[in-house]
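User: I am new to reading protein models, and I would like to learn how packed helices and the surroundings of a ligand are described. Could you take me through an example?

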Amino acid sequence: MDIVFELKNVSYSYIKSQPALIDVSFNVLKGESLIILGANGSGKSTLLKLMDGLIKPDRGEISAFGKSILNLKDDQEYQFRRKVGYLFQDSDVQLFNACVFDEVAFAPLQMGLNPDRVKSMVEKTLESFGIAKLKDRPPHRLSGGEKKEGGFSINNGDKSRCLAFR
Ligand SMILES: Nc1ncnc2c1ncn2[C@@H]1O[C@H](COP(=O)(O)OP(=O)(O)OP(=O)(O)O)[C@@H](O)[C@H]1O
Ligand SMILES: [Mg+2]
């Protein structure tokens, strides 16, 4: 049983007097798809931001791939970010390139991959998400759902092993 994420007694507050998460513990196993359901404001996005290391817990421990993610050094953070993709609830904060193709190509190009390889990777990814026809479209000309698919493709084009969304 491979554990990918391990959360132990995680608590977090944006505002001290109003805790967003209290004492949350669970594991995510390799190959597992986990759906987190809850009312608006119940802490779903906060939980995912913690698991992506975007914010740090006030208390508790979070590990990914067997290592704590709370004090990653630059090179460890780089490796972690190559494996874990995050899809923001508000797509507009994530999409900033001139067209969908450039969005999906952005991360692999930043990673220094060969542009020809990136081109074929992006084409395959867009095809697999069924959004090849949108490749030249600017993000602000997409529907909400199409923006989400674009965000998924970005993470997939980056060869992420885990995706956290919303
Ligand atoms: N930036 C912030 N500053 C202060 N409080 C925040 C902030 N973001 C979220 N909160 C509060 O933290 C709690 C959890 O919010 P969170 O965004 O994690 O909820 P959610 O389950 O994702 O909700 P939704 O279904 O509406 O997306 C809520 O009470 C919310 O008001
Ligand atoms: Mg949310």
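Analyst: What follows takes up the helices first and then the ligand. This is a predicted model, in which local features need pLDDT of at least 70 and side-chain atom pairs count only at pLDDT 80 or more, while totals for chains, interfaces and linings use all residues. Residues are numbered from 1 along each chain as its sequence is written, and chains are lettered from A and ligands numbered from 1 in the order in which they are written.

User: How do helix 3 and helix 4 cross?

Analyst: Two packed helices are described by the angle between their axes and the distance between the axes. Here the axes (lines fitted to C-alpha atoms over the stretch in contact, with angles from 0 to 180 degrees between N-to-C directions) of helix 3, residues 100-110, and helix 4, residues 115-128, come within 9 Å and cross at roughly 130 degrees. The two helices are therefore oblique to each other, a word for angles that are not under 35, over 145 or 65 to 115 degrees.

User: Which residues of helix 3 and helix 4 make the contact?

Analyst: Helix 3 contributes F101, V104, A105, P108 and L109, and helix 4 contributes P115, V118, M121, V122, T125 and L126, where contact means C-beta atoms, placed from the backbone, within 7 Å.

User: What surrounds ligand 1?

Analyst: Among the residues around ligand 1 are Y14, G43, K44 and Q89, each with its C-beta atom, placed from the backbone, within 6 Å of the ligand. Helix 1 gives the most to this shell, with three residues.

Conventions
Helices (H or I, at least four residues) and strands (E, at least two) are DSSP runs, numbered from the N terminus. Two residues are in contact if their C-beta atoms, placed from the backbone, lie within 7 Å.
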